[in-house]
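Biologist: I am new to this protein and would love a friendly, close look at one part of it. Could you pick out a patch on its surface for me, and then walk me through the empty spaces inside?

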Amino acid sequence: MQPVDFTTLTATCSEIRANWLPSRLEQVYQRDRYTIAMALRTLEQRDWLQISWHPQAAHICIGDPPPRLPDTFTFSQQLIHQLGGLALVAIEAIAPWERVIDLQFARRPGESALYHVYAEIMGKYSNVILTDASNIIITAAHQVSQQQSSVRPIQTGQPYETPPKLTGTVPYLSESQERWQERVSLVPGAIKRQLLKSYSGLSAALLELMLLEANIAPEISTDTLNPDDWRRLFKRWQEWLQALDSSKFQPAWTKDGYTVMGWGVIEKVKNIQELLNRYYSNQIDQQLFSQLRHQLSQKLNNILAKLRNKAQTFKTRLQQSDRADEYRQKADLLMAHLQNWEPGMKEIILADFETNLPIAIALLPDKNAVQNAQSLYKQHQKLKRARAAVEPLLLEVQTEIEYLEQVEAAIGQIDNYQTAEDLRALEEIREELIGQKYLEDPEYRSRSANEVPSTNFHRYLTPNGFEVLIGRNNRQNDQLTFRVAGDYDIWFHAQEIPGSHVLLRLEAGAIAEEADLQFVANLAAYYSRARQSEQVPVVYTQLKHVYKPKGAKPGIAIYKQETILWGKPQIVISH
């Protein structure tokens, strides 16, 4: 992930200063553990200033409005308590070349600041700190105790101390090419590394683009550069310093990230705020997606392994109870042939009633024939009782396994992050598992019980232009089948295989042709656990024949009057 460097921070603050100062602070919302959003109103617009102290993605920019969910973080409450209704009157760097921004709040423009919000955009040391006019810390996003840092503790009630000052040489526009070249080439080495070592305020991403623009390989040694190379590189160096001096930047996407210098451009962006908001939202979402998918997969694997072991234990006990009739048969034989018993016998062989074949019956020598028969009848009753007790337990475990395999299949379908909708689909699965008591997360803030599940279904069009909707998880499956579906729609699902609910949308009087049905069957097969198979049995039926059993878990449905089609998932993959 590309970190915000001094150049990017200068560029974004310059743009915010030009368009959002002065502005009134109306609201503060904390999106997550690392991000706050401040609602700023100017005479022309209302926008959300986003400040993140995420260890890999710390940034400041105008971002998206926050979700309409309760904010339970205390840091945002402390900020709005102190700053609500005040004017943001200045956004300044605390010192040249420093990545610490001082946001100043006063009663009205032109008055001295009553409060400062220091946004320290410094990688894993990033933080956001609120102080009063005397620079006494009121609150901080991340408190740092004396034990954690004897150099720079950050605690409520203590004076705010700026980070240690830069010790290296800082670049300046009036430096001659000769002096600059001499400094960089004093010790021979790779040009990129020598520039980083010689000057403060640079980043690896900035230098790579600068060298690319000058047509110089980053690893080439300084002692092999010719005068023309040095001239081209110094021209780009000056271009960079002039952009910082004049606050004229060119935001754009590059092959590996973004730039504010217009170097290595793949696609231009209209402003720096949009660029940073999209880049960091996307990067953080990708990271969250990977972590959440791994967490959910691991949890389900563990739960399913335990449930399958439990089911196997119950099956073994049922197999043992299958011998119940054998004990009763032996007891009946013994009672019918009491005259054949002799004291001290350990075994008696008697002919079977039906087959006349000999059956060996083990006996307890210290008991008579009637007592041995009673013992066998007791064994028979015990095993019969065991079956009656175990069968419902096995059914319960098998139902649970079936449900969790359905969840597992949904996670399997969301295998790669492509859009924010993919993360949302995984978050809905997490909410479902928390709701079903399979997951506990003390940091997780549950959503409103009245919140409508998202409808970001997979969407396709059949050969004849009918819409197809596909649930991404159990919550969406229920929403699709029992809320969204119309009377004339047709419902598809892989037969007895965990997978998504699939809906073919039809208007009254519309008839789906064979090609449409086959197209949807292929999709139902693809969005099931049998995705890798050549052919998958898929059922389809009208919505009026699909039911949710009372008390059933999310995503579970039963159906009747179904027709079977063979879905071909490989056709979907090849498309």
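**A surface patch and the spaces within**

Modeller: Let us start with L338, which sits in the loop that runs between α8 (324-336) and β13 (347-351). Please keep in mind that this is a predicted model. L338 counts as partly exposed because its relative accessibility is 32%. Together with M335 and V370, L338 makes a nonpolar surface patch of about 200 Å².

From the surface we can turn to the empty spaces. Rolling a probe the size of a water molecule over the atoms shows where empty space is left. Counting cavities of 30 Å³ or more gives two.

The largest cavity holds about 80 Å³ of space. Its lining is made by Q2, D5, T7, T8, S203, A205, L206, L209, Y258, T259, V260 and M261. Three elements give two or more residues to this lining: α1 (6-20), α5 (204-213) and β11 (258-259). Of the elements, α5 gives the most, with three residues. By class, the lining of the largest cavity has six nonpolar residues, five polar ones and one charged.

Now for the second largest cavity, with a volume of about 40 Å³. Here the lining residues are Q406, A409, A410, Q413, G471, R472, N473, N477, G499 and S500. Helix α9, which covers residues 369-413, gives the most to this lining, with four residues. The classes in the lining of the second largest cavity are two nonpolar, seven polar and one charged.

Last comes a pocket, the second largest one, with about 740 Å³ of space. It is lined by 31 residues, and the closest to its centre are D5, L202, S203, A204 and A205. You may recognise D5, S203 and A205, since these residues also appear in the lining of the largest cavity. Both α1 and α5 supply at least two residues each to the lining of this pocket. Again α5 gives the most, this time with six residues. The lining of the second largest pocket divides into 17 nonpolar, eight polar and six charged residues.

To gather the threads, α5 gives the most to the lining of the largest cavity, and α5 also gives the most to the lining of the second largest pocket. For the second largest cavity, that part is played by helix α9. When you turn the model on your screen, you could find L338 in its loop after α8, and then look for D5, S203 and A205 among the residues closest to the centre of the second largest pocket.

Conventions: Residues are numbered from 1 along each chain as its sequence is written. This is a predicted model: local features need pLDDT of at least 70, side-chain atom pairs count only at pLDDT 80 or more; totals for chains, interfaces and linings use all residues. Side-chain values use heavy atoms; hydrogens and water are left out. Patches are made of residues with over 30% relative accessible area and no salt bridge: like charges are joined within 9 Å, nonpolar side chains (Val, Leu, Ile, Met, Phe, Trp, Tyr) within 5 Å. Accessible areas come from the Shrake-Rupley method with a 1.4 Å probe; for residues, only the protein chains shown count as cover. A salt bridge is a side-chain nitrogen of Lys or Arg within 4 Å of a carboxyl oxygen of Asp or Glu. Buried means under 20% relative accessible area, exposed over 50%, partly exposed in between (1.4 Å probe, protein chains only). On a 1 Å grid over the protein atoms alone, a cavity is a set of points where a 1.4 Å probe fits but cannot get out, and a pocket is an open set with protein on both sides within 12 Å along at least five of seven lines; lining residues have an atom within 4 Å of a point. Grid points are joined across faces, edges and corners, and a volume is the space filled by probe spheres set on the points. Ala, Val, Leu, Ile, Met, Phe, Trp, Tyr, Cys and Pro count as nonpolar, Asp, Glu, Lys and Arg as charged, and the others, Gly among them, as polar.
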